[in-house]
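Reader: I'm new to this one. Could you walk me through how to read it?

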Amino acid sequence: VKRRTGRQRDKGDRGMMRSTLFLLCLTFTATVSAAPEHTPRPGGIAIVDVGTVKLPKPNVSYDSRPALVVQKQDRWNAVIGIPLDTQPGEISLLVNGIEMDVAVTDHAYAEQRLTVKNQSYVTPDQAQLDRIGRERKIIDGALNSFREVPVDGISLAPPVDGTRSSSFGLRRFFNDPPRSPHKGMDIAASSGTPIKAPREGVVTATGDYFFNGNTVIVDHGQGYVTMYCHMSEIAVEEGQTVATGETLGAVGATGRVTGPHLHFGTYLNGTAVDPAVVLTTPESPR
Ligand code: ZN
């Protein structure tokens, strides 16, 4: 049985080498990694050529949700977030109403068992459940926002310097009952470390939420959204426009956590994707 590999390197190897050399010259001492790649696995991203830029930007949707389309040289590229619970096989996009199939490969994520001392985080009471429900609506609204503005790429600068302490997709068991998989990247950093916007955007939600603690959600356009949790403080307001590198707040230990860190989430078409796929300088191997 022949398996498809998770990466496709069918074009532009020489061009990529040239741009890598160019980058190496520019950033002599910095860690350099390539631009985000087609990563067609659950929790990854599909980058799909959807035509020439001589034609208007096509309307692309996946699972009835509008999808991000960026310009890459003279081509339009759709960038689709693939849900973590997708079965290996084919997914179908709609490009100007025409179906287009993308092969999705398998991927095994790790498991972790955690003990949380505050039992209310494991089995919330009714008042807490009501609060969680109200906050879920706000968070889901912000994660699913879609602003029709040009987006000039998908790579993100790391929001804080620090070591990644657990990876996206990890299946976690809090005091035994299974919970939904971890939908972000945890970056270890001390309390008070500034968190910087990895790309320009608009702040769509801020709040102190039951599980996520102090949280900021930023909309980067066309359904590309990032989320920052467990902050010690929030430095921005809802509706505010932020530039790349602008401080959003600081690392903390608010909400359901075992210590200070940044929980960093990245979303496309309302779907959590692995931040390691879009970060320009991964801190540790995938
Ligand atoms: Zn986390």
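Reader: What order do the 3 strands of the open sheet with strand 1 have?

Author: A quick note before that: this is a predicted model, where local features need pLDDT of at least 70, side-chain atom pairs count only at pLDDT 80 or more, and totals for chains, interfaces and linings use all residues. Residues are numbered from 1 along each chain as its sequence is written, and side-chain values use heavy atoms, leaving out hydrogens and water. Strands are DSSP runs of E, at least two residues, numbered from the N terminus, and two of them pair if DSSP finds at least two bridges between them. Here the order is 1-5-4, with antiparallel pairing. Strand 1 (45–52) and strand 4 (68–72) are the edge strands, each pairing on one side only.

Reader: How many bridges join strand 1 to strand 5?

Author: There are 6, with strand 5 covering residues 75–81. I47, for instance, has V79 in strand 5 as its bridge partner.

Reader: Which residues are the protein donors of the zinc ion?

Author: Donors are N, O and S atoms within 2.8 Å of the metal (3.2 Å for Na, K and Ca), and sites may look incomplete because water is not among the atoms. In this model they are H182 (NE2), D186 (OD) and H263 (ND1), 2.0 to 2.2 Å from the zinc ion. D186 sits in strand 11 (residues 185–188) and H263 in strand 19 (residues 261–268), so this pair, 77 residues apart, links distant parts of the chain.

Reader: Is D186 buried or exposed?

Author: Buried means under 20% relative accessible area, exposed over 50%, and partly exposed in between (1.4 Å probe, protein chains only). D186 is buried at 4%, and H263 is buried too, at 11%.

How values were computed
Helix = DSSP H or I, 4+ residues; strand = E, 2+ residues; numbered from the N terminus.
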